[in-house]
Amino acid sequence: MEKRTNSPFPRIDRPVLAAIGIVLVGATVFFAWSDRQHDYKYYQYAFRGMVAEKLGAERAATVPSGLQQVWVPGLRRADRCVTCHQAVSWKGFETAEEPHRTHPGDLLKSHPPERFGCSACHGGQGWAIDTAAAHGEVAHWEEPLLGKPLGEAYSLTDNKAALMQMNCNICHRYERATKGAEMINLAKDLVQEKGCRACHVINGRGGTIGPDLTWVGDKAPEQYDYSRLSGQTTAFAWHVAHFKDPRALVQDTVMPNFHLSTKQAQALAMLMLSWRKAPFDAAFLPGVPRTDPQTADERKAEEDMKTGPGAWFVQTGCFVCHSIAALKVRSPAQIGPDLSTAVEDTQKRFGVTVDQFLKNPTGTMSVVLSRQIVLTPEQKETAIQKLREAFAEYQRLVAEGKNPLAPPVEAAPK
Ligand code: HEC
Ligand code: HEC
Ligand code: HEC
Ligand code: HEC
Ligand code: HEC
């Protein structure tokens with residue numbers, strides 16, 4: 001062996017260093033071992049003690065020991081959470097410390113652990129048997145437990161535990177409302193109310209000005225452009241900021257600013273991220289049929305307008321974004337202005353006649369007329385003619401004191 005002459009340590013210190021080395025190795029082994037004691041064996045031992053104390057030795061003997069695994073082939077999951085969380089299906093431990101607490105609520109009745117496991121709702125890494133790993137404490141949104149700590153990190157405004165509802169909706173997406181998923185329900189209402197389908201295909205139905213949103217939750221976090229986003233660079237943060245002000249992130253977008261509250265923007269961001277393809281068997285997807293059809297009321301309202309005085313605007317598709325109150329056309333989305341007065345308004349708003357505007361449109365209408373509703377020159381003439389007729393009808397109604405654009409009288413409070 002080569003003799004080392006340039007060692008920084010005098011010979012005499014070498015035995016001391018060796019001794020320190022041995023102590024360090026010993027300490028590592030000791031800590032690793034003592035950590036094991038805090039692992040599932042410790043939790044199982046503690047839970048057996050709790051059952052013995054509360055329900056007697058006989059019941060305690062029935063508490064299983066060793067690794068517990070729920071394998072759900074239909075969900076492609078193998079969850080070992082119950083190895084530590086043994087108490088979830090026991091009554092009487094409602095106030096115990098985790099992981100020894102009875103599962104809150106009654107969701108396990110409709111989603112029994114032996115059929116659903118745990119991670120399909122909670123997230124986390126089902127197969128892991130160390131607390132931190134099982135709770136998936138890593139930087140990616142879909143891996144960690146979708147619990148309160150993550151909700152706090154994402155600055156959820158009221159219910160910090162709400163993130164889990166993203167997972168509920170992977171299965172419950174075709175329901176208009178799901179009990180226990182209030183944020184998702186709020187977002188689903190907003191999608192109807194704001195008329196997102198005017199521009200986006202969702203579940204196979206809608207316009208094509210914006211991207212198809214059906215599986216938008218599968219877009220990888222790295223695919224978003226974060227250059228205009230300050231703060232967290234997560235897909236969730238991107239969607240919240242985009243909903244609050246689309247143009248702040250995508251300068252030339254025609255997506256409108258809906259002036260949403262933070263809570264509404266967060267709810268919509270959750271809904272977007274829940275629209276993922278799940279590798280689940282169909283038996284796990286409630287809601288039949290598994291599509292998202294218009295309700296009977298929505299269909300009837302559309303049928304009535306198709307045969308009314310504003311039929312042209314309905315058949316052409318303008319009504320998707322515009323009401324024409326003078327012709328009794330009511331848009332489900334009302335993204336653009338009421339067209340009853342367009343003949344006058346294009347002058348005021350754009351400084352051009354309505355003819356010029358339709359031939360040389362700007363903003364949203366330039367996208368609409370080049371991509372969504374492509375009109376021949378003759379059809380544009382028809383459009384101008386129809387807009388003039390709508391304006392004439394508007395003036396007639398105003399002269400009779402029945403302004404169709406007057407704000408509706410507030411209903412008396414119930
Ligand atoms: C090695 C034992 C162990 C395993 C395995 C384990 N947990 Fe836990 N869990 C704990 C302990 C200990 C706590 C309480 C302390 C804490 O929050 O870290 C806890 C707390 C929780 C909480 C409440 C706190 C929170 O963050 O919201 C949830 C929910 C939870 N676990 C879900 C799960 C799920 C789902 C799995 C399976 C993917 C799982 N756990 C696997 C030990 C475990
Ligand atoms: C159908 C979805 C679903 C399934 C399946 C499910 N849970 Fe839950 N779990 C919930 C909901 C919802 C809550 C309540 C969250 C809240 O309001 O704080 C909850 C709460 C908990 C809590 C307490 C969290 C806290 O912050 O106090 C623990 C621990 C937990 N679940 C563990 C499990 C384990 C372990 C399993 C598997 C045996 C499981 N859950 C299966 C939906 C589910
Ligand atoms: C893995 C898919 C899956 C996940 C995740 C899931 N569910 Fe379900 N849920 C189902 C299925 C399947 C049914 C049962 C439908 C049936 O066959 O009756 C159901 C039933 C329900 C019911 C009706 C129960 C009843 O008593 O009528 C409610 C409410 C519900 N789920 C809420 C939730 C909530 C809240 C979450 C998230 C915390 C959630 N679900 C997560 C698949 C899922
Ligand atoms: C007037 C048309 C229009 C309306 C109405 C509209 N959007 Fe958009 N949306 C767009 C366009 C164009 C884009 C692409 C540019 C951008 O990201 O802003 C877009 C982008 C998006 C994206 C980002 C998709 C991705 O893959 O990056 C989401 C999510 C989204 N819209 C959701 C919604 C929701 C939810 C609503 C209803 C509350 C809505 N949009 C209403 C036009 C619209
Ligand atoms: C996807 C939504 C959408 C559709 C579909 C749509 N528009 Fe528009 N339109 C708008 C928006 C939004 C504006 C407001 C200007 C802007 O924001 O760029 C507008 C403005 C207009 C204007 C100017 C009105 C004014 O008061 O200044 C006219 C005229 C018009 N649209 C006619 C039509 C006609 C005719 C059709 C059907 C062939 C149609 N639009 C279809 C969204 C739409």
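## Helices, burial and ligand shells

Helix H2 (residues 40–55) consists of 16 residues and reaches 21 Å from its first C-alpha to its last, close to the 22 Å expected at 1.5 Å a residue, where the expected span is 1.5 Å times one less than the number of residues. Helices (H or I, at least four residues) and strands (E, at least two) are taken as DSSP runs and numbered from the N terminus. The model is a predicted one, in which local features need pLDDT of at least 70 and side-chain atom pairs count only at pLDDT 80 or more, whereas totals for chains, interfaces and linings use all residues. Residues are numbered from 1 along each chain as its sequence is written, while chains are lettered from A and ligands numbered from 1 in the order in which they are written.

The secondary structure of the chain comes to 19 helices and 2 strands. Of its 414 residues, 29% count as buried, a residue being buried if 20 or more other C-beta atoms lie within 10 Å of its own, exposed if 12 or fewer, and partly exposed in between, with C-beta atoms placed from the backbone. Among the contacts with a separation of 6 or more, 49% join residues 24 or more positions apart; a contact requires C-beta atoms, placed from the backbone, within 7 Å.

**Two helices and a buried valine**

In H2, the buried residues are Tyr40, Phe47 and Val51. They cover an arc of only 40° around the axis, which puts them on the same side of H2; the arc is that of the directions from the helix axis to the C-beta atoms. In general, an α-helix has 3.6 residues a turn, so residues three or four places apart point the same way. The buried residues of H2 pack against helix H3 (57–60), whereas the face turned away from the buried side carries the exposed residues Tyr45 and Glu53. Just after H2, Gly56 takes a positive phi of about 100°.

Helix H11 (residues 235–244) is mostly covered, with 10 of its 10 residues buried, among them Trp238, His239, His242 and Lys244. What covers these buried residues includes helix H12 (246–249) and H13.

Val314 is found in helix H15 (residues 311–316) and counts as buried because it has 21 C-beta neighbours inside 10 Å. Leaving aside neighbours within four places in sequence, Val314 is in contact with Met305, Lys306, Phe319 and Val329. Val314 and Glu303, 11 residues apart in sequence, are 9.4 Å apart in space, C-alpha to C-alpha.

**Ligand shells**

A residue is near a ligand if its C-beta atom, placed from the backbone, lies within 6 Å of it. Of the 26 residues around ligand 1, Cys81, Cys84, Gly124, Ala134 and Gly147 come nearest, and the elements giving two or more residues to this shell are H2, H6, helix H7 (131–134) and helix H8 (148–153).

Around ligand 2 there are 20 residues, of which His85, His111, Pro113, Cys118 and Cys121 come nearest; helix H5 (113–116) and helix H6 (119–122) give two or more residues to this shell. Domain 1 (40–137) and domain 2 (151–284) both give residues to the shell around ligand 2, so ligand 2 lies between them; the domain bounds come from an automatic or database domain assignment.

Of the 26 residues around ligand 4, Cys196, Cys199, Gly210, Thr253 and Met255 come nearest. Helix H10 (182–193) and helix H13 (262–274) each supply at least two residues of that shell.

For the classes in the table, Ala, Val, Leu, Ile, Met, Phe, Trp, Tyr, Cys and Pro count as nonpolar, Asp, Glu, Lys and Arg as charged, and the others, Gly among them, as polar.

| Shell | Nonpolar | Polar | Charged |
|---|---|---|---|
| Ligand 1 | 10 residues | 10 residues | 6 residues |
| Ligand 2 | 11 residues | 7 residues | 2 residues |
| Ligand 4 | 18 residues | 6 residues | 2 residues |

**Backbone exceptions**

Most residues other than glycine have a negative phi, and most peptide bonds are trans. A cis peptide bond nevertheless joins Glu98 and Pro99, with omega about 5°, and Pro99 lies in the loop between strand E2 (77–79) and helix H4 (107–110). Arg76, in the loop between strand E1 (70–72) and E2, has a positive phi near 55° and counts as exposed, with 12 C-beta neighbours inside 10 Å. Ser155, in the loop between H8 and helix H9 (165–172), also has a positive phi near 55°, and is partly exposed, with 14 other C-beta atoms within 10 Å.

Methods: Two residues are in contact if their C-beta atoms, placed from the backbone, lie within 7 Å.
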